[in-house]
Amino acid sequence: MKSKKEGRIFERARKAAEEILRDPEKIRNVIDAALHMVGSASTSSPFGELTDKFQAIIRLVRAYVNRQYRVVPWQTVILAVAALLYFINPFDAIADFLPLIGFFDDAAVLTAVLASINHDLNEFLDWEKMTAQNSGEPIPRVIDADFEEVKADSIDNG
């Protein structure tokens, strides 16, 4: 993390992530908001590679919530959701409405989260690739927001 303020804001996002993961409607709203924001980001921007990884994080969380992919540590899911929350919060350490500058703290936080969950994210990407090969369908670059209903008490604590 870059600053104490960023660290405090991310810690609040991490705690909120734990609560949100227990509420199917709230987690759907977070994923929808993240999808909306990432849809407006250009992969040709300086953040192109991060945009691809961010989309993978969204797909990971979505697959976890939909019970399609559950072989991921609970802490990884929490960090992934916290990164989504931090990213969609327009008033994080540096407000996102400031052109370009506002996204640097998001990129710093996302880079730190990716460093933490890289192994688990790569395993998910391998699973996703294998699943796509077996189904004959390509891996979606941008995710649609269809969800399967999951009861809050059915989400285990890893």
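Let me start with one residue. If we leave aside its neighbours within four places in sequence, Ile 57 is in contact with Ala 80, Leu 84, Leu 110, Leu 114, Ile 117 and Leu 121. Please keep in mind that this is a predicted model.

Where does Ile 57 belong? The largest nonpolar core has 45 residues, and of these Ile 57 and Val 61 touch the most other members. Five elements give two or more residues to this core: α1, α2, α3, which covers 48-65, α4, which covers 74-88, and α5, which covers 101-135. The largest share comes from α4, with 13 residues. As background, nonpolar side chains in soluble globular proteins tend to be buried together.

Now a step back to the whole chain. The protein has five helices and zero strands. Read from the N terminus on, the order of elements is α-α-α-α-α. There are 158 residues in the protein, and 44% of them count as buried. The exposed area is about 8400 Å², and carbon and sulfur atoms supply 55% of that. For contacts, take pairs of residues at least 6 apart in sequence: 73% of those contacts join residues at least 24 apart.

Here is a single example of sequence distance against distance in space. Leu 21 sits in the loop between α1, residues 4-20, and α2, residues 24-40. Is Leu 21 buried or exposed? Its relative accessible area is 0%, so Leu 21 is buried. Leu 21 and Val 81 are 60 residues apart in sequence, and their C-alpha atoms are 8.0 Å apart in space.

Next, charges. Side chains of opposite charge can pair when their charged atoms come close. How many salt bridges does the count give? The count comes to two.

One salt bridge is between Arg 14 and Glu 18, with 2.6 Å between the closest N and O atoms. Arg 14 and Glu 18 are four residues apart in helix α1, so about one helical turn separates them. Arg 14 has a relative accessible area of 17%, and because the cut-off for buried is under 20%, Arg 14 counts as buried. Glu 18, at 28% relative accessibility, counts as partly exposed. Not counting residues up to four places away in sequence, Arg 14 also touches Gln 75, Ile 78 and Ala 82.

The other salt bridge joins Arg 59 and Glu 128, and here too the closest N and O atoms are 2.6 Å apart. What does this pair tie together? Arg 59 lies in helix α3 and Glu 128 in helix α5, so the pair ties together parts that are 69 residues apart in sequence. Arg 59 is buried, at a relative accessible area of 11%. Glu 128 is buried as well, at 9%.

Last topic, the aromatic rings. The count comes to five aromatic pairs. I will describe two of the pairs.

Take Tyr 64 and Trp 74. Their ring centres are 6.2 Å apart and their planes stand at 50°, so this pair is tilted. Why tilted, and not stacked or edge-to-face? Planes under 30 degrees apart would count as stacked and over 60 as edge-to-face, so 50° falls under tilted. Tyr 64 is in helix α3 and Trp 74 is in helix α4, ten residues apart, and the pair links distant parts of the chain. Both Tyr 64 and Trp 74 are buried.

Then there is the pair of Tyr 69 and Trp 127. This pair is also tilted, with 4.8 Å centre to centre and 45° between the planes. Tyr 69 is in the loop between α3 and α4, Trp 127 is in helix α5, and the two are 58 residues apart, so again the pair links distant parts of the chain. Tyr 69 is buried, with a relative accessible area of 3%, whereas Trp 127, at 24%, counts as partly exposed. Tyr 69 and Trp 127 form one aromatic cluster together with Phe 124.

One more item brings a charge and a ring together. Arg 70 lies over the face of Tyr 64, at 3.9 Å from the ring centre.

To close, go back to the start and find Ile 57 on the structure. Ile 57 and Val 61 touch the most other members of the 45-residue core, and α4 gives the largest share of that core. That is all I have.

Terms used:
Residues numbered from 1 in each chain as written. Predicted model: local features only at pLDDT ≥ 70, side-chain atom pairs only at ≥ 80, totals over all residues. Heavy atoms only, no water. Buried < 20%, exposed > 50% of the residue type's maximum accessible area, 1.4 Å probe, protein only. Core = buried A, V, L, I, M, F, W, Y, C linked by side-chain atoms within 4.5 Å. Contact = heavy atoms within 4.5 Å. Salt bridge = Lys/Arg side-chain N within 4 Å of Asp/Glu carboxyl O. Areas by Shrake-Rupley, 256 points an atom, 1.4 Å probe, with all protein chains shown as cover. Phe/Tyr/Trp six-rings, centres within 6.5 Å; stacked < 30°, edge-to-face > 60°. Lys NZ or Arg CZ within 6 Å of the ring centre and 35° of its normal.
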